[in-house]
Amino acid sequence: MKAVSPKPMPKRFHQASWDEPVIFELNQPGARGVLVPEVESGIKQEVGDVAAKLPESLRRKSAPALPEMSQIHVLRHYARLSQENLGVDLNIDIGQGTCTMKYSPKVNDQLARSPKMADLHPLQDESTVQGILEVMWRLEQFLKEISGMERFSLQPGAGSSAIYANVSMVRAYHESRGEGAQRDEVVTTIFSHPSNAACAKVAGYKVITIYPDADGYPDLAALKAAVSERTAALFITNPEDTGIFNSKIQEFVQAVHTVGGLAVYDQANANGILGITRARDAGFDMCHFNLHKTFSTPHACGGPGAGASGVSPALVPFLPKPTIEFDSKRYRLDFDRPQSVGKIRPWYGVAQNILKAYSWIMSLGAEGLREVAEIAVLNNNYLLNKVLEIQGVSMPYAKGKRRIEQVRYSWEQLTKDTGIHSEEMETRMVDFGMHYWTSHHPYVVPEPMTLEPTESYSQADLDEYIAALKQVAGEAYTEPDTIRTAPHNSTVHQTNHEPFDKPDEWAVTWRAYKRKTQKQ
Amino acid sequence: MKRLGLIINPIAGIGGRVGLKGSDGVEIQQKALALGAQPQSHLRAAQALEALLPLRDTFELVTPPGAMGDTVARQCGFIPHPLPFSSWEEGNSTSAEDTIRAGRWMADHPVDLLLFAGGDGTARDIFAAVGTQVPVLGIPAGVKIHSAVFATHPRAAGEIAAAYVRGERLQLREAEVVDLDEETYRAGTVITRLYGYLQVPHVAHRLQNKKAPTPASESVRAESIAAAVIESMQPGWIYILGPGTTTRVIADRLGFPKTLIGVDVYTREGVVALDVSEARLLELIERHPAKIIVTPIGGQGFIFGRGNQQIGPRVIQKVGRENILVVSLSEKLNALKGEPFLVDTGDSSVDEMLAGYMQVIVGYWEKVIYRIAL
């Protein structure tokens with residue numbers, strides 16, 4: 001028998017391309033997926049007119065404008081959409097740096113979908129939901145141990161929600177000391193996640209941003225020039241998006257404490273430091289985790305995520321309410337918290353994701369968590385060495401130093417040599433079933449690329465990604481037009497970004513789309 | 001022995017302090033002199049030559065007679081090799097033709113590096129004369145410095161030239177020669193044209209970047225910067241608004257006219273004076289508490305001394321560091337790639353006073369801390 005010749009590296013790829021319309025365009029008037037049977041006459045007699053029993057305010061005046069479709073057309077539509085996709089379950093998804101796209105074990109999804117979880121209702125009496133309350137309470141104990149903080153709230157719906165909870169607590173803290181009006185500034189850094197600046201502004205704070213020093217560290221001297229009696233808090237991501245280990249983080253905390261401000265640690269992505277460093281040990285007053293990054297619950301295309309806000313003893317009174325308390329016999333919700341900032345979102349948190357994170361931590365144990373960080377850092381530094389062998393790429397800042405769990409690279413040299421920009425490289429990567437993220441806008445690092453391999457990928461996976469990246473970089477030097485005209489193997493060709501700046505051309509619902517297109 | 005060429009445009013920059021936005025053309029030059037302008041370029045050339053003085057026996061300095069080089073060179077302690085032209089004499093006004101003639105001679109009898117002192121107009125003449133035949137480096141001495149062929153400071157030009165003379169391997173790269181049409185510039189419209197490229201020795205961070213453009217999508221943020229500035233305006237104060245598209249939005253939002261490249265003065269209620277000179281500013285700040293609002297010019301990172309020379313060192317000193325508002329789109333900061341802001345007021349004690357960390361308004365309720373280098 002003749003051996004099958006080995007597959008080429010990088011692998012050939014062509015994305016499923018169905019040119020699938022929006023589901024509203026598949027509307028077939030009269031088509032039905034389910035024919036609901038008539039109510040039996042006996043039941044009808046007993047119950048009477050059900051619609052009449054509904055309050056007037058809940059009754060529709062007209063039928064909803066939903067698409068009319070048969071079951072198979074609905075199934076086909078969503079099956080096709082699921083194929084017109086990239087992601088961690090399909091391929092090597094290490095290009096979404098800072099997002100921590102790790103494998104989400106399916107067993108955790110199964111747990112969250114089990115009737116024991118799915119049939120719960122948040123309005124049930126707490127005596128009937130002791131199980132999920134125990135999971136929430138125990139997850140809080142884990143997060144306390146991981147961060148060194150005194151207490152956590154699992155209520156935030158995602159990372160930004162947790163940052164907003166923290167900003168709200170900062171305000172409540174200063175107001176309780178009579179300094180609320182005086183302290184109207186929040187300091188952050190340019191390589192911190194922009195949600196820190198955004199949430200602070202939404203909460204009514206003026207934002208001062210620190211640029212990095214020549215080595216790429218947040219500039220301590222600039223921070224000292226920024227803080228004053230007006231400083232409410234420092235909100236800093238650590239490690240920052242550059243992946244550089246900040247050995248001076250304690251001095252940052254001290255500089256803020258010296259003027260009476262609070263130090264708040266964005267560790268949404270704590271993947272490089274689990275079991276290695278702790279926020280409270282560095283002196284921070286607050287921190288937050290994204291359960292959908294570090295703790296593996298899926299990102300789910302923008303939601304629902306889950307956030308967790310942690311605080312030092314002095315800030316416990318201000319936590320969102322209710323908190324979950326345990327008296328060694330039963331778990332209860334504590335609403336009697338007069339200094340609390342109140343609710344951050346409805347109910348008690350995204351319970352399914354809390355369960356997934358709990359399950360993930362339980363499956364690993366303390367040593368397992370540390371191993372996650374160690375492998376993530378090892379993977380990242382393996383990748384870093386290989387990527388830097390590619391022509392045209394560089395790693396700005398902190399020359400000769402390794403990185404923690406991610407790297408922000410620069411294709412500046414490649415752009416100078418070939419005229420190909422990082423966004424074009426990124427688009428060409430899609431032809432290999434992969435992609436990468438550049439950075440937040442506006443770019444601080446020129447022609448950026450941010451890679452974060454996490455602990456989930458094998459050496460062979462990393463090698464395959466590097467092979468694709470190397471091929472694309474090579475094409476920039478030898479056949480740049482292949483890149484300029486990419487993607488060639490993907491669902492959608494190049495998109496026009498211009499309407500992003502024109503609100504008149506935005507339509508986030510089918511109804512808005514119809515209204516705006518008919519107007520023309 | 002290495003040969004270093006030096007060409008000074010003696011009238012470069014005389015339009016700046018008197019608010020004329022350039023010095024091209026005899027009529028403007030005479031107007032500038034009538035307004036009391038003092039030639040500046042020979043002083044800037046001297047600053048560059050100082051860095052070369054310790055090396056003077058190791059290279060040959062080639063320069064035209066009189067104000068185009070020889071006079072300053074001798075004052076600085078050099079014994080230059082004269083160009084074989086006798087028509088230039090001390091005190092004579094010189095024209096673009098003179099610059100081109102001297103440049104051609106230096107290309108035909110090649111120098112190893114040609115230093116010239118002037119602005120964008122002079123850079124255009126040098127380009128016309130030498131093209132990419134010899135390496136060139138500009139000593140910033142003009143009003144308009146948009147081309148990427150200039151060192152960040154006269155001293156830096158001298159240091160790069162010194163490194164060249166010492167035989168350090170410096171990378172050569174083609175750098176843009178850009179100029180504005182002065183006629184339309186004075187009328188308030190910026191029309192930048194690329195004239196060509198000069199071979200320029202490259203030392204990172206010592207050359208000026210080509211000015212970065214401001215895409216239309218940034219206009220919303222410029223508006224939010226303006227809103228922040230206007231919110232902070234207090235009655236009784238005057239506000240000195242430097243040139244720049246970002247500062248112009250402030251005037252637009254106030255509903256007041258603004259000259260595009262002039263320095264204009266306002267109160268919250270209205271216009272105090274448009275297109276002022278340094279002398280007029282000094283007068284105004286005698287009578288009113290004042291704040292200065294400036295923006296870095298394009299990708300260069302200069303907040304004083306480029307395009308806003310009317311806000312001279314005495315004005316800055318009197319107004320005080322605490323009353324300077326720097327506004328900038330964050331793109332412009334990012335384009336500096338971590339390099340600090342630069343100042344070149346013409347008075348080193350004022351430059352020193354400005355150095356250090358400064359708050360920069362980048363949006364409504366948004367500031368960054370940025371460093372001003374000495």
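**Notes on a predicted two-chain model**

1. Let me start with chain B, where five strands form an open sheet in the order 3-2-1-4-5, with parallel pairing. Strand 3 and strand 5 (136-140) of chain B are at the edges with a single partner strand each, so one side of each has no neighbour in the sheet. Please keep in mind that this is a predicted model.

2. Now to the pairings within that sheet. Four bridges join strand 1 (residues 2-8) of chain B to strand 2 of chain B in the parallel sense, and B:G5 sits opposite B:V62 of strand 2. Strand 2 of chain B also pairs with strand 3 (residues 81-82) of chain B, again in the parallel sense, over two bridges; here B:T63 has B:P82 of strand 3 as its bridge partner. At the other edge, strand 4 (residues 113-118) of chain B and strand 5 of chain B are parallel over five bridges, with B:G118 opposite B:P140 of strand 5.

3. Strand 2 of chain B deserves a second look. Four of the five residues in this strand (residues 59-63) are buried, so the rest of the structure largely encloses it. Together with helix 3 (residues 70-75) and strand 3 of chain B, strand 2 makes a right-handed β-α-β unit.

4. Turning to chain A, does the length of helix 14 agree or disagree with what its residue count would give? With 20 residues (459-478) at 1.5 Å a residue, helix 14 of chain A should span 28 Å, and its end C-alpha atoms are 28 Å apart, which agrees. Its buried residues include A:L462, A:Y465, A:I466, A:L469 and A:V472, and among them are also two glutamates, A:E464 and A:E475. The buried residues of this helix pack against helix 11 (351-387), helix 12 (412-418), helix 13 (422-429), strand 11 (448-451) and helix 15 (480-484) of chain A.

5. Another glutamate you may like to inspect is A:E140, which lies in helix 6 (residues 130-147) of chain A. Its relative accessible area is 3%, so A:E140 is buried. Leaving aside residues up to four places away in sequence, A:E140 touches A:R151, A:F152 and A:I324. One of these contacts, A:F152, also belongs to an aromatic cluster with A:F289, A:F295 and A:W360.

6. Over all chains, the structure has 19 aromatic pairs. In one of them, the ring centres of A:Y211 and B:Y370 are 5.4 Å apart and the planes are at 75°, so the pair is edge-to-face. This pair crosses between chains: A:Y211 is in the loop between strand 3 (206-210) and helix 9 (220-226) of chain A, while B:Y370 is in strand 16 (residues 366-372) of chain B. Both A:Y211 and B:Y370 are buried. B:Y364 and B:W365 make a stacked pair, at 5.4 Å centre to centre and 15° between the planes. B:Y364 is partly exposed at 26% relative accessible area, and B:W365 is partly exposed at 27%.

7. Finally, a word on the cysteines. How many disulfides are there over all chains? The count is zero. A:C287, for one, is in no disulfide, as the nearest cysteine sulfur, on A:C199, is 15 Å away. A:C287 has 0% relative accessibility and therefore counts as buried.

Note on methods:
Residues are numbered from 1 along each chain as its sequence is written. Chains are lettered from A and ligands numbered from 1 in the order in which they are written. This is a predicted model: local features need pLDDT of at least 70, side-chain atom pairs count only at pLDDT 80 or more; totals for chains, interfaces and linings use all residues. Side-chain values use heavy atoms; hydrogens and water are left out. The expected span of a helix is 1.5 Å times one less than its number of residues. Buried means under 20% relative accessible area, exposed over 50%, partly exposed in between (1.4 Å probe, protein chains only). Contact means heavy atoms within 4.5 Å. Two strands pair if DSSP finds at least two bridges between them. A crossover is right-handed if, with the strands pointing away from the viewer, the path from the first strand over the helix to the second runs clockwise. A disulfide is a pair of cysteine sulfur atoms within 2.5 Å. Rings of Phe, Tyr and Trp (its six-membered ring) pair if their centres lie within 6.5 Å; planes under 30 degrees apart count as stacked, over 60 as edge-to-face and the rest as tilted.
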